[in-house]
Amino acid sequence: MCQDCGCHEGGKDYFHDHEHSQSIELEKSILEHNDHIAHHNWHYFDDHKMEVFNLMSSPGSGKTRLLEKTLQMLGDKKKISVLVGDQQTDNDAQRLMGKGGRVKQINTYSSCHLDASMIEKEIGPFITGEEEILIIENIGNLVCPASFELGEKHKVALLSTTEGEDKPNKYPVLFHKASVVVITKSDLIPYLEWDLEKTKQNIRMINPNARIILTSAKTGEGMSEWCDYLCQKNS
Amino acid sequence: MHELSIARSVINSVEKICHDDHFGKVSEITLDIGTMSGVSKSALLFCWPLATKQTLLEECHLVINEIPLTLECLACNLKSSPEVFIMCCEHCGSGQVRIETGNELKIKNMEAY
């Protein structure tokens with residue numbers, strides 16, 4: 001018997017093709033809940049005049065190395081906090097501590113991306129509202145982080161020279177959403193069969209308006225331009 | 001594999017609607033998933049039976065409409081549907097294009113009782 005209306009249709013006790021069922025038009029965003037929290041995060045950051053950057057890239061592209069250098073260069077000029085996401089370990093937080101900003105590790109364990117609620121939980125316990133710049137280092141992954149808004153103001157994609165020229169074409173969703181693409185490890189260019197102009201063309205095919213910054217955290221190339229970009233709305 | 005998070009978001013949204021509107025069971029859900037949404041249909045179908053266990057959506061039939069990428073050119077006003085994602089008009093070659101469809105990630109409708 002149907003537990004809802006008491007009729008005797010269908011073969012199962014509870015679930016069956018039920019003649020009383022209703023079709024309901026929803027037209028509702030699947031990520032509505034995440035977007036709602038992200039919206040609140042965005043307003044918190046805006047109210048506190050914080051510039052918030054979501055760094056996304058494949059694992060090993062040099063996000064943490066870029067941030068080490070960034071904190072060394074900007075740490076005494078700006079109030080910077082960094083949230084670093086990884087499935088496990090606090091290795092990245094350990095690397096960044098003492099370099100010139102406040103740092104906290106988020107471990108997602110099974111999850112392949114950060115979501116807005118993970119950032120919301122840090123408002124109060126870690127994010128004080130006094131930061132001028134908050135950098136969120138997302139999980140190293142070129143697919144999943146692109147789908148989840150965190151409340152950030154700027155999406156930054158990193159692309160290392162060792163990854164080849166066509167990563168933006170292979171993973172277009174993430175590169176399309178980024179306002180800036182930072183090319184890392186430029187110091188390795190002499191040792192690679194890698195073409196800067198071809199890479200830039202590929203990025204522009206996916207995202208014609210993206211700003212492209214060529215960097216090496218090792219030699220310092222492009223680091224001033226990158227730091228100026230982080231600070232430009234904070235000056 | 002963020003499709004499990006996507007499945008959970010669908011379940012949470014729909015269970016809330018069921019609670020508010022006094023539905024006891026959902027028999028069918030239709031989703032619109034754009035090719036540029038970053039969500040894989042096959043991965044979502046794979047995790048769906050497990051994600052819906054012991055929810056109001058258990059054994060619910062999942063229908064996924066795949067929405068292709070459509071670009072509208074702001075220069076020549078023509079539309080194109082490239083197979084591979086590229087922000088470029090197939091007709092005049094302009095990069096000044098707007099994504100008209102392909103970003104969808106929504107719950108279209110449901111059958112409930």
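Okay, let's start with one pair of residues: B:Gly34 stands opposite B:Ile67, which is in strand 2 of chain B. These two sit in a bigger pairing, where strand 1 (residues 26-34) and strand 2 (residues 61-67) of chain B run parallel over seven bridges. When I say two strands pair, I mean that DSSP finds at least two bridges between them. And the helices and strands themselves are DSSP runs, numbered from the N terminus: H or I with at least four residues for a helix, E with at least two for a strand.

How does the chain get from strand 1 of chain B to strand 2 of chain B? It crosses through helix 2 (residues 41-51) of chain B, and this β-α-β crossover is right-handed. Right-handed here says that, with the strands pointing away from you, the path from the first strand over the helix to the second runs clockwise.

Some housekeeping before I go on. This is a predicted model, where local features need pLDDT of at least 70, side-chain atom pairs count only at pLDDT 80 or more, and totals for chains, interfaces and linings use all residues. Residues are numbered from 1 along each chain as its sequence is written, while chains are lettered from A and ligands numbered from 1 in the order in which they are written.

Now, chain A. Its secondary structure comes to eight helices and eight strands, and its C-alpha trace spans about 75 × 45 × 30 Å along the principal axes. Of the 235 residues in chain A, 41% are buried. Buried is a count: 20 or more other C-beta atoms within 10 Å of a residue's own, with 12 or fewer called exposed and anything in between partly exposed, and the C-beta atoms placed from the backbone.

What order do the strands of the chain A sheet come in? Seven strands form an open sheet, 4-3-5-2-6-7-8, with parallel pairing. Strand 4 (102-107) and strand 8 (211-214) are the edges, each pairing on one side only. On average, neighbouring strands are turned by 20° against each other, direction ignored.

Let's walk through part of that sheet. Strand 3 (residues 80-86) of chain A is joined to strand 5 (residues 133-137) by five bridges, and the partner of A:Val84 there is A:Glu137. Strand 2 (residues 51-56) of chain A pairs with strand 6 of chain A over four bridges, with A:Leu55 matched to A:Val156. On to strand 7 (residues 180-184) of chain A, which pairs with strand 6 of chain A over five bridges; here A:Leu158 has A:Val182 as its partner. Strand 6 (residues 154-160) of chain A is mostly covered, with six of its seven residues buried.

Helices lie across this sheet too. Helix 2 (residues 63-74) of chain A lies across strands 2, 3, 5, 6 and 7 of chain A, at about 165° to strand 5. Helix 8 (residues 223-231) of chain A lies across strands 2, 5, 7 and 8 of chain A, at about 140° to strand 8. For these angles, axes are lines fitted to C-alpha atoms, for helices over the stretch in contact, and the angle runs from 0 to 180 degrees between N-to-C directions.

So where do the chains meet? In total, 33 residues of chain A are in contact with 30 residues of chain B, contact being C-beta atoms, placed from the backbone, within 7 Å. Strand 1 of chain A gives the most to chain A's side, with eight residues. That strand 1 pairs with strand 6 (residues 105-112) of chain B, antiparallel, over six bridges, and A:Ile24 has B:Met110 as its bridge partner.

One residue there is worth a look. A:Glu27 is in strand 1 of chain A, and its phi is near 45°, a positive value in a residue other than glycine. Buried or exposed, what is A:Glu27? Exposed, because it has 9 C-beta neighbours inside 10 Å.

Last stop: helix 1 of chain A and helix 1 (residues 3-21) of chain B pack at about 90°, with axes 9 Å apart. That makes the two helices roughly perpendicular, a label for angles of 65 to 115 degrees (under 35 is roughly parallel, over 145 roughly antiparallel, the rest oblique). The contact is made by A:Glu32, A:His33 and A:Asn34 from chain A, and B:Ser9, B:Asn12 and B:Ser13 from chain B.

Technical notes:
Two residues are in contact if their C-beta atoms, placed from the backbone, lie within 7 Å.
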